[in-house]
Amino acid sequence: MTQPVVKRSPWKKILIVALVLLLICCGGAVAFVTWLLTGNKIDTFGKVDFANQLAIPALAPSQVDAQGRRIFNLTAQAGQHTFGSGRGGNGTTWGFNGDYLGPTLRAKAGEQVVVNVHNKLDETTTVHWHGMHLPAAMDGGPHQLVSAGKTWSPTWKIAQPASTLWYHPHLHGETADHVYKGLAGMFILDGDTPKGLPETYGVDDIPLIVQDKAFESNGKLDDRNPFLSGVGILGDEIVVNGTHSPFLDVTAERVRLRVLNASNARVFNFGFDDDRRFDVIGTDGGLLEKPVSMDRLQLSAGERAEIVVSMKPGERIVLRSYDPDLGSLFDDLKGGADQFDVLQLRAAASLKPSAALPATLTTIDRLSNPAVTRKFSLSGHSINGKQMQMNRIDFAPTVNTTEAWEVFNNDGDLHSFHVHDVQFQILAVNGAPPPPHLMGWKDTVLVASDMSYKLIMRFTDHADPNVPYMYHCHVLYHEDAGMMGQFVVVQPGQSPGTPPSHEDHSAHAGHH
Ligand code: C2O
Ligand code: CU
């Protein structure tokens with residue numbers, strides 16, 4: 001006999017399956033969120049072998065011509081850089097006058113400089129002088145294209161204090177790629193500085209171009225944006241001056257480190273492995289009025305700081321980057337939990353005596369009484385809801401005018417804010433007076449989640465109604481995606497003109 005067919009309702013089965021699926025999904029979701037919040041921490045503390053001597057970028061040679069102008073030559077070119085420890089040497093890197101990064105340019109306040117920028121790459125690039133006060137047509141932003149095979153020769157007079165500036169490409173939409181491949185270098189300005197600061201380049205005055213990189217197993221630079229980072233490339237390894245796992249031999253009691261965060265997006269939080277204090281003596285645009293003793297220092301991409309650290313004979317310390325404070329729940333996706341060993345400093349058995357640091361480094365005239373206040377809301381890939389357009393001038397400051405700029409993070413993502421042409425002062429961070437190390441000249445600030453700034457700056461000269469300067473997020477992925485705007489500096493009563501046509505220019509150059 002046949003079993004009576006028990007008509008079991010299919011609903012129960014469906015319900016069970018649905019419940020199981022729901023549980024899996026929930027579990028998955030919980031695991032996913034947990035991973036989002038904590039799961040991708042990079043930690044290289046104690047894991048770096050410091051096997052490679054830190055490379056020091058060469059000082060760029062220069063000639064002074066009959067008119068007294070100091071002439072430099074930079075050639076952007078492709079190469080195959082070896083970072084050390086099996087990294088690199090496979091696949092293309094880019095550099096100026098070499099395979100990776102570029103030489104350090106050095107000039108004095110008052111000098112007229114000329115830089116012949118030769119482009120030996122197969123594609124158009126530009127070279128921007130980050131932090132430099134100069135005419136917009138010399139600025140090397142996205143309008144000053146240097147096509148493949150061409151030379152661009154900007155010239156300007158150095159008219160700002162001693163400082164650590166840098167240079168890098170600024171081709172709209174391609175900046176992240178060009179910088180990541182290796183196009184960047186330092187531009188040190190000399191001027192009135194007090195006696196007693198370490199100042200022998202490469203000996204007790206050391207440039208540190210710090211970058212995060214990712215490498216494929218064959219040593220090739222990996223330029224993929226990590227999943228969900230939202231800020232583009234975040235590498236899991238550090239190179240300094242293009243050297244992987246670097247050490248520096250220290251021969252003097254005090255060493256000055258000119259630290260440049262030349263990463264595409266990553267924020268570093270520098271400090272030493274024994275938590276020793278160091279003196280911050282300078283920021284983006286020059287020396288601070290007095291040294292500021294600190295044990296941690298955050299730098300977002302594009303920012304610089306000059307620090308002085310003291311060492312005892314024979315000791316070894318490690319410059320590290322501790323996990324930075326980015327202020328949001330999803331920090332870990334943007335590098336907020338990551339920590340790195342950056343550079344080992346090895347003091348010689350006997351050290352050359354160094355002078356004590358001067359108590360006063362410089363004087364800074366405080367800017368006040370802004371005539372104009374502007375607001376900048378950073379959100380998505382836009383500033384004030386607008387994305388970069390090459391032919392749109394967003395506003396026009398007037399020469400000899402002081403302006404206050406209020407900048408705020410309006411989306412909780414990781415941003416920074418950089419202004420061309422000027423160095424500014426910070427009046428307020430999150431509504432409060434800035435900490436002492438942010439009281440000097442700045443051109444770039446970290447605008448992490450919920451942060452706001454009131455900046456003050458003065459537009460002094462170089463009026464040109466047609467050629468714009470940029471302001472933008474220095475997270476290069478955001479900048480390339482359109483988080484940038486343009487201003488022109490005008491004479492009183494003058495209205496903004498029209499930027500030179502980018503398209504025509506490049507088409508023209510391309511047909512030669
Ligand atoms: Cu460092 Cu507009 O750039
Ligand atoms: Cu941004």
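# A tour of the predicted model

Select Lys 181 to begin: this residue sits in helix H2, which covers residues 175-181. The model is a predicted one. With neighbours within four places in sequence set aside, Lys 181 is in contact with Thr 93, Trp 94, Tyr 100 and Leu 221. Add His 81 to the selection. Its C-alpha is 9.9 Å from that of Lys 181, while the two residues are 100 apart in sequence.

**Leu 101**

Go next to Leu 101, in the loop that joins strand S6 (93-96) to strand S7 (105-108). Leu 101 is not a glycine, yet its phi is positive, at about 55°. Is Leu 101 buried or exposed? Its relative accessibility is 4%, so Leu 101 counts as buried.

**Ala 55 and His 244**

Select Ala 55, which lies in the loop between strand S1 (52-53) and strand S2 (63-64). With a relative accessible area of 33%, Ala 55 is partly exposed. Leaving out neighbours within four places in sequence, Ala 55 contacts Asn 241 and Thr 243. For a separation along the chain, show Gly 202 as well: Ala 55 and Gly 202 are 147 residues apart in sequence, and their C-alpha atoms are 9.3 Å apart.

Thr 243, one of the residues in contact with Ala 55, leads to strand S16 (residues 243-244), where His 244 lies. His 244 is buried, its relative accessible area being 8%. Which residues touch His 244, apart from its neighbours within four places in sequence? They are Asn 52, Phe 83, Gly 84, Ser 85, Arg 87, Phe 215, Glu 237, Ile 238 and Val 239. Gly 86 can be added for a distance check: it is 158 residues from His 244 in sequence and 8.9 Å from it in space, C-alpha to C-alpha.

**The largest pocket**

Now display the largest pocket, which holds about 390 Å³ of space. Its lining is made of 16 residues, and those nearest the centre are Ala 159, Pro 161, Gln 423, Trp 441 and Thr 460. By class, the lining has six nonpolar, seven polar and three charged residues. Colour by domain at this stop: domain 2 (62-185) and domain 4 (372-489 + 501-511) each give at least three residues to the lining.

**The cavity**

How many cavities of 30 Å³ or more does the structure hold? There is one. The largest cavity has a volume of about 40 Å³. To see its walls, select Thr 283, Leu 297, Gln 298, Leu 299, Glu 303, His 437, Leu 438 and Lys 442. Strand S22 (residues 297-299) supplies three of these residues, the largest share of the lining. The lining divides into three nonpolar, three polar and two charged residues. Where does the largest cavity lie with respect to the domains? Domain 3 (205-352) and domain 4 (372-489 + 501-511) both contribute lining residues, so the cavity lies between them.

**Two loops**

Move to Asn 400, in the loop between strand S27 (382-383) and strand S28 (401-409). Asn 400 has a positive phi, near 60°, and is a residue other than glycine.

Then select Ala 448, found in the loop between strand S31 (444-447) and strand S32 (452-459). Ala 448 counts as buried, at 2% relative accessibility. Its contacts, not counting residues up to four places away in sequence, are Leu 326, Asn 409, Asp 413 and His 415. The C-alpha of Gly 412 is 7.1 Å from that of Ala 448, and the two residues are 36 apart along the chain.

**The copper site**

His 415, one of the residues that Ala 448 touches, opens the last stop. Show the copper ion (ligand 2) and its donors: His 415 through ND1, Cys 473 through SG and His 478 through ND1, at 2.0 to 2.2 Å. Along the sequence these donor residues are spaced H-x57-C-x4-H. His 415 belongs to strand S29 (residues 415-419) and His 478 to helix H3 (residues 476-480), so the pair ties together parts that are 63 residues apart in sequence. Are these two histidines buried or exposed? His 415 is buried, with a relative accessible area of 0%. His 478 also counts as buried, at 0% relative accessibility.

How values were computed:
Residues are numbered from 1 along each chain as its sequence is written. Chains are lettered from A and ligands numbered from 1 in the order in which they are written. This is a predicted model: local features need pLDDT of at least 70, side-chain atom pairs count only at pLDDT 80 or more; totals for chains, interfaces and linings use all residues. Side-chain values use heavy atoms; hydrogens and water are left out. Donors are N, O and S atoms within 2.8 Å of the metal (3.2 Å for Na, K and Ca); water is not among the atoms, so sites may look incomplete. Helices (H or I, at least four residues) and strands (E, at least two) are DSSP runs, numbered from the N terminus. Buried means under 20% relative accessible area, exposed over 50%, partly exposed in between (1.4 Å probe, protein chains only). On a 1 Å grid over the protein atoms alone, a cavity is a set of points where a 1.4 Å probe fits but cannot get out, and a pocket is an open set with protein on both sides within 12 Å along at least five of seven lines; lining residues have an atom within 4 Å of a point. Grid points are joined across faces, edges and corners, and a volume is the space filled by probe spheres set on the points. Ala, Val, Leu, Ile, Met, Phe, Trp, Tyr, Cys and Pro count as nonpolar, Asp, Glu, Lys and Arg as charged, and the others, Gly among them, as polar. Domain bounds come from an automatic or database domain assignment. Contact means heavy atoms within 4.5 Å.
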